[in-house]
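Ready for a few short exercises? Take a look at what's shown below, then try each task before you read its solution.

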Amino acid sequence: MTTLKINTIENAPEDSKPLLENSQKSFGMIPGLHGVLASAPKTLEAYQTLHELFTQTSFNEKELTVVWQAINVEHACHYCVPAHTGIAKMMKVDDAITEALRNETPLESSKLEALRTMTLTITRNRGQVTQEDLDTFYAAGYGEQQVLEIILGLSQKVISNYTNHIANTPVDEPFKKFAWSK
């Protein structure tokens with residue numbers, strides 16, 4: 001099993017300390033993922049920036065959750081699935097959406113299911129999608145902007161999911177009750 005160091009504000013590289021302080025203010029704790037990413041200050045900064053940008057896209061809370069969790073589950077991220085389950089609860093996303101995503105069962109909303117399908121198509125095929133894939137997505141009420149915003153969300157999730165695979169980041173205490181495995 002591989003592991004990477006989980007930094008604290010005290011032992012992190014100088015350039016990561018203000019970023020970890022921001023995490024502490026935002027979450028009331030330093031998420032383990034942020035502690036790991038702190039070993040590479042620019043990677044932590046990129047992750048935090050991508051997160052902030054993704055939350056400012058055209059997607060609402062349900063849609064953000066669909067993109068994040070579809071990718072987390074596809075990548076089998078033991079850390080991010082529970083974390084985003086807790087985040088979805090904080091955002092007041094219906095538990096039925098979260099459970100369908102965690103269990104890889106169809107979503108009740110055809111629009112949200114189209115979003116999950118496109119997210120998984122982009123993720124699984126490394127961006128190689130067909131015009132038919134796009135047309136189906138557009139018919140569900142989305143457009144080119146949302147295709148590109150999925151890629152933004154995927155960029156954020158690649159950083160976190162891959163880091164957690166390598167680091168075996170322990171699930172943070174508040175999210176342990178949402179433990180998950182593929």
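**Exercise 1.** How much accessible surface does the protein have, and what percentage of it belongs to carbon and sulfur atoms?

*Solution.* Before you start, note that this is a predicted model, where local features need pLDDT of at least 70, side-chain atom pairs count only at pLDDT 80 or more, and totals for chains, interfaces and linings use all residues. Residues are numbered from 1 along each chain as its sequence is written, and side-chain values use heavy atoms, leaving out hydrogens and water. Now the surface: with the Shrake-Rupley method and a 1.4 Å probe, you get about 9,300 Å². Carbon and sulfur atoms own 53% of that.

**Exercise 2.** Count the helices and strands of the protein.

*Solution.* Look for DSSP runs: H or I of at least four residues for a helix, E of at least two for a strand, numbered from the N terminus. You'll find nine helices and zero strands.

**Exercise 3.** Find the largest nonpolar core and say which helix gives the most to it.

*Solution.* First, collect buried (under 20% relative accessible area, 1.4 Å probe, protein chains only) Ala, Val, Leu, Ile, Met, Phe, Trp, Tyr and Cys residues joined through side-chain atoms within 4.5 Å. The largest such core has 24 residues, and Phe 59, Leu 115 and Ile 150 have the most contacts inside it. Next, check the helices: α4 (61-74) and α9 (144-167) are among those supplying at least two residues each. The largest share, five residues, comes from α4.

**Exercise 4.** What does Leu 115 touch, leaving aside neighbours within four places in sequence?

*Solution.* Using contact as heavy atoms within 4.5 Å, Leu 115 meets Phe 59, Glu 63, Val 66, Val 67, Phe 137, Tyr 142 and Ile 150.

Terms used: Buried < 20%, exposed > 50% of the residue type's maximum accessible area, 1.4 Å probe, protein only.
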